[in-house]
Amino acid sequence: MVPIVYKQDFLLDTAVSVKTFFIEGDLVEPKGIERMGDRIFVFGGYREMGIYTYPEMNFIRKMTYPFADHISVGDSCLYFLSGRNIDTYVLQDDSLCKTSSVVIAYPNRVINPKRELSTGVFLYPDYPQFPGMYEFHILDTIHRKRLSKGSYPEDNSKRFKNLEHFKELYSHSVCVKPDKSAFVVIYGALRRIRIYNPAGDLQHDVFLEGSLGNYKLIPARLKELYVHFVDAFVTDKYIYLINPGRLLMSPDVFESNILVLDWQGNLVAKYRLGVYVNDIFVDEERNAMYGSCWKEGEGIVFFTMNMLHDNF
């Protein structure tokens, strides 16, 4: 058993003025942004995708990408997941070229190449439709075995309409450390993260104190529900969390925080931004963060900011 640790103070807590900019391409609602080497992919509505150079952010071309339920960008390729199909594409002369297509025996939300713990072994979070009260599952596709582990922050689902409703409100995501030595479980409506080793053994259980909606358990009523973490980006050094920290049913708030933790659960930095962040990626070699955001008076724009915590 690993005890839960309550933490509040970051080593660095500062307001940051980000640099916002528009990019070429005339994409419809371009919210998703991903980096692959020296290229940036920006995903918009109507399956539009823009390709840009990195770090200059010069526009190369716009295209309509193949239909997919989910897109995952790896180190050298893109995975388009739809139903039970996984199509792999590479970039050739700044055009998408399909290199493989496989049909899997599991739904694509289970097998995601970015959540591979080792060859053929995939991590995925629990979903509302699944039976039981396990926090995550580890699927070994080679030996055809599944290991279900982890406990929800509470074991009493009777406060909710049913088990599915309980799991919907306790929705969480999982991110695998790039070197595969750990993974983190992040609850969207609870200021709590859990860090595990690859075998699924809990190493650190951290609750972040000192904020609005500081509930130890998620409330069953939507009007009391806070949105704490909407997305994450992980590197071998840090866990970066997008933290709007607002009521789900409140009027629009155009601000977010970026929280930085290390893989031992230590609170490293809290950046207070004057924009509402949709998506980010981090380049620790350049000590920079890039992302898409909503800025009052400007709409959806892109931003960059220099990170300060490694020099603090």
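This is a short talk about one sheet and one pocket in the structure above.

Okay, quick one today. Keep in mind that we're looking at a predicted model.

Let's start with the sheet. It's an open one, built from four strands in the order S4-S5-S6-S7, and the pairing is antiparallel. So which strands stand at the edges? Those are S4, residues 32–36, and S7, residues 59–64. Each has a single partner strand, so one side of each is left without a neighbour in the sheet. As for the twist, going from one strand to the next you get 20 degrees on average.

As a reminder, strands in a sheet pair through backbone hydrogen bonds, parallel or antiparallel. Here, if you zoom in on S7 and its pairing with S6, residues 48–53, you'll find five bridges in the antiparallel sense. One to click on: Tyr-52 has Phe-59 in S7 as its bridge partner.

Now the pocket, and I mean the second largest one. Its space comes to about 210 Å³. There are 13 residues lining this pocket, and the ones nearest its centre are Asn-243, Pro-244, Gly-245, Glu-255 and Asn-257. Which elements give two or more residues to that lining? That would be strand S24, 256–262, and strand S25, 267–273. S25 gives the most, with three residues.

And for those of you thinking about chemistry, the lining of this second largest pocket splits by class into five charged, five polar and three nonpolar residues.

That's the sheet and the pocket. Over to you for comments.

Methods
Residues are numbered from 1 along each chain as its sequence is written. This is a predicted model: local features need pLDDT of at least 70, side-chain atom pairs count only at pLDDT 80 or more; totals for chains, interfaces and linings use all residues. Side-chain values use heavy atoms; hydrogens and water are left out. Two strands pair if DSSP finds at least two bridges between them. Axes are lines fitted to C-alpha atoms, for helices over the stretch in contact, and angles run from 0 to 180 degrees between N-to-C directions. On a 1 Å grid over the protein atoms alone, a cavity is a set of points where a 1.4 Å probe fits but cannot get out, and a pocket is an open set with protein on both sides within 12 Å along at least five of seven lines; lining residues have an atom within 4 Å of a point. Grid points are joined across faces, edges and corners, and a volume is the space filled by probe spheres set on the points. Ala, Val, Leu, Ile, Met, Phe, Trp, Tyr, Cys and Pro count as nonpolar, Asp, Glu, Lys and Arg as charged, and the others, Gly among them, as polar.
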